[in-house]
Amino acid sequence: MIGFRKTPHKRHRDEAEKPFWISFSDLMTALMVLFLVAMAVALLSVTTGLRKMDESRVSRDNAVSSCLNDIRQITRQADYAGVKLRGQTLELGTLAEFPKDSNELEAQRAGFLRRFVPQMLHIARTPACESWLKRFVLEGYASPEGSYLYNLNLSLERSQRVLCVLLDAKAPNAPSLEDRKTIRELFFVGGSSFNSAILNQPEKSRRVELRLEFKDLRKTCTPDTPDCEADEVHPIPWDDDFKCPVPSRS
């Protein structure tokens, strides 16, 4: 019997045996898509980081501005007339001036500082200030009659004298224990010899100013920055029976 034998289709057999190869254009397209996805993720991460930095900067600036505005309101009270806030510096004017070649503060002026500083510390403890306030700096000045080193030492003694006045628990109307502890923790002293801006008024140079310093945005530790290392605090024993270490020049 004569019959026909069906042979397998050659094309199907060739396709089954032929390996699968991605064309060069398909490969480049896939790589381009991966590159675009990676760039989109990177740009999103950078944009989110910048937005958070901007938000933090605005939040800090608003808090510092609110803190300074509250202190400015205190200076406008009749009891503290003569005190002016210029930028971040409290100019105490005649209320913190010293006699020539002296580091002694008159009783009336010492009493004024004991009344004024606690009012300012109350503002410093508010959330707007407390989060960003770094420290207060008592900056002493002297008139330019003496030598540079003499005036530098005298100006430093004047700022130290103000600190002694504020920490004296036995003085009339002394600040509270809480205020004195805050003063010890946040107040620093400095001496700047003389101020060349008021050379023609030497009596105005013999004074002390109070400057507020705020934390830098990059160095502030928050719950969102767990890797940030806060400044280590070392407790200092408290002693109300101290004696002011500044010898009198009067």
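Trainee: How much area does the protein chain expose, and what share comes from carbon and sulfur atoms?
Mentor: About 16,900 Å² is exposed, with carbon and sulfur atoms supplying 57% of it; accessible areas come from the Shrake-Rupley method with a 1.4 Å probe, and for residues only the protein chains shown count as cover. Keep in mind this is a predicted model: local features need pLDDT of at least 70, side-chain atom pairs count only at pLDDT 80 or more, and totals for chains, interfaces and linings use all residues. Residues are numbered from 1 along each chain as its sequence is written, and side-chain values use heavy atoms, leaving out hydrogens and water.

Trainee: What makes Cys164 and Cys244 a disulfide?
Mentor: A disulfide is a pair of cysteine sulfur atoms within 2.5 Å. Here the sulfur atoms are 2.0 Å apart, so the pair fits.

Trainee: Why is the disulfide of Cys164 and Cys244 called right-handed?
Mentor: Because the torsion about the S-S bond is about 80°.

Trainee: Why is Cys164 called buried?
Mentor: Buried means under 20% relative accessible area, exposed over 50%, partly exposed in between (1.4 Å probe, protein chains only). Cys164 has 11%, so it counts as buried.

Trainee: And what makes Cys244 partly exposed?
Mentor: Its relative accessible area is 22%, so Cys244 falls in the in-between class.

Trainee: How do you know that Cys67 and Cys129 form a disulfide?
Mentor: Their sulfur atoms sit 1.7 Å apart, so they also meet the cut-off. Both Cys67 and Cys129 are buried.
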